[in-house]
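Here are my notes after a pass through this one. Have the viewer open while you read, since I hop around the chain a bit.

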Amino acid sequence: MILEEFSLKGKVALITGGGTGIGLGIARGLAEAGASVACVYHTHRPDELEEYVKSLGGTFLAVRRDLSKMENLSLLMQDVLRKFGRLDILVNNSGICPREAAINYSETTWDDVMQLNTKTVFFLSQLAARQFLRQGTGGKIINIASMMSYLGGFNTAAYTASKHAVAGLTKVLASEWGDKGINVNAIAPGWIKTNLSAPLRADPQRNESVKARIPQGDWGTPEDFKGVAVLLASPASDYINGVTIPVDGGYLTK
């Protein structure tokens, strides 16, 4: 039956930055579908997510790692395998978006953004794929792209470059790993109600200009990512590979 194809019972999902915002919405959705959840955080421990996963009867692991440091990636994988013994789903959600005019953009800011948003995504995906191959069971990788994977943006030079790169990496990894039972896809969020977007929503003029371009008439919420995340993490998407799916209320249509 088709609904059984969306079940994640017995699966282990690793989500970077899963304690807040879009990552939290995705993590909650995967847990609701039956997955055990490992959540990587940098500063604020994801207590809310832990409580929610355990309330569903699931198993949870919180791992504090600075993913901008390359040595922490293999340590993170060890943490997950020590707890669960396997990995089935990786969600590359962590990222940063400092805003600065391109004419003034510093090399340090550029490097920081590209490190976390692109380099970490690739090498953590590589570690996950190697584990999937050791298990011999295939696996799912979900990258978080952006509207800036399609558009130019403003005051976001490195972020826009990094998110174009994420879309490209999604394609090449799907191409190389598809015949090994590994699906690599991406989700491109639109304008979403999170702590990061709070200042924009608090500006009446900017808030209304954003809403005016969204066919569905309002900003999205982290809960809007549950369905697409479960789809891409589950057997229901076994023949979906290398795509970036916008979750934007139709923003890209205008």
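The points below go from the overall fold to the cores and then to single residues.

1. Overall build. First off, keep in mind that this is a predicted model. The protein chain carries 8 helices and 7 strands. Its radius of gyration is 18 Å, close to the 18 Å that the globule rule gives for 254 residues, so the chain is as compact as a globular protein of that length. If you want a box for it, the C-alpha trace spans about 50 × 40 × 35 Å along its principal axes.

2. Burial, surface and charge. Of the 254 residues in the protein chain, 49% are buried. The accessible surface adds up to about 12000 Å², and carbon and sulfur atoms own 53% of that. As for charges, there are 26 positive and 24 negative ones, and their mean positions sit 2 Å apart.

3. Contact range. Take the contacts between residues at least 6 apart in sequence: 69% of them join residues at least 24 apart. Several of the residues below give you examples of partners from elsewhere in the sequence, so it's worth clicking through them.

4. The largest nonpolar core. In soluble globular proteins, nonpolar side chains tend to be buried together. Here the largest nonpolar core has 29 residues, and the ones with the most contacts inside it are Ile26, Leu30, Leu49, Val91 and Ile187. Which elements each supply at least two residues of this core? They are strand 1 (12-16), helix 1 (21-32), strand 2, helix 2 (47-55), strand 4 (89-92), strand 5 (139-144) and helix 8 (226-233). Helix 1 gives the most, with 6 residues.

5. A second core. Apart from that one lies another core, this time of 26 residues, with Ala128, Ile141, Leu173 and Val184 among them. I'd colour the two sets separately in the viewer.

6. Val91. What does Val91 touch once residues up to four places away in sequence are left out? The list is Leu14, Ile15, Thr16, Ile26, Leu30, Ile142 and Ile144. Two of those names, Ile26 and Leu30, also appear with Val91 among the residues that have the most contacts inside the largest core.

7. Val37. You'll find Val37 in strand 2 (residues 36-41). Is Val37 buried or exposed? Its relative accessible area is 0%, so Val37 is buried. Setting aside neighbours within four places in sequence, Val37 is in contact with Ala13, Ile15, Ala27, Ala31, Leu49, Val53, Thr59, Phe60, Leu61 and Phe84. For a distance check, the C-alpha atoms of Val37 and Ser74 are separated by 18 Å, with their positions 37 residues apart along the chain.

8. Ser125. This one belongs to helix 4 (residues 107-135). With a relative accessible area of 0%, Ser125 counts as buried. Leaving out residues up to four places away in sequence, Ser125 touches Leu90, Asn92, Ile141, Asn143, Leu173 and Trp177. Ile141 and Leu173 are also among the residues of the second core.

9. Asn72 and Asn155. Asn72 lies in helix 3 (residues 71-84). At 12% relative accessible area, Asn72 falls under the 20% cut-off and so is buried. Beyond four places in sequence, Asn72 touches Arg65 and Asp66. Asn155 is in the loop between strand 5 and helix 5 (157-177). Have a look at the backbone there: Asn155 has a positive phi of about 60 degrees although it is not a glycine. The side of Asn155 open to solvent shows up as a relative accessible area of 30%, which makes it partly exposed.

10. Cys97 and Phe6. Cys97 sits in the loop between strand 4 and helix 4 and is partly exposed at 33% relative accessible area. Neighbours within four places aside, Cys97 is in contact with Thr156 and Tyr159. Cys97 and Asn117 are 9.0 Å apart, C-alpha to C-alpha, and 20 residues apart in sequence. Phe6 belongs to the segment before strand 1 and counts as partly exposed, at 29% relative accessibility. With the same neighbours left out, Phe6 is in contact with Ala33, Val230, Leu231, Ser234 and Ala236.

Definitions and conventions. Residues are numbered from 1 along each chain as its sequence is written. This is a predicted model: local features need pLDDT of at least 70, side-chain atom pairs count only at pLDDT 80 or more; totals for chains, interfaces and linings use all residues. Side-chain values use heavy atoms; hydrogens and water are left out. Helices (H or I, at least four residues) and strands (E, at least two) are DSSP runs, numbered from the N terminus. The radius of gyration is taken over C-alpha atoms; the globule rule is 2.2 Å times the number of residues to the power 0.38. Buried means under 20% relative accessible area, exposed over 50%, partly exposed in between (1.4 Å probe, protein chains only). Contact means heavy atoms within 4.5 Å. Accessible areas come from the Shrake-Rupley method with a 1.4 Å probe; for residues, only the protein chains shown count as cover. Lys and Arg count as positive and Asp and Glu as negative; His and the chain ends are not counted. The place of a charge is taken as NZ of Lys, CZ of Arg, CG of Asp or CD of Glu. A nonpolar core is a set of buried Ala, Val, Leu, Ile, Met, Phe, Trp, Tyr and Cys residues joined through side-chain atoms within 4.5 Å.
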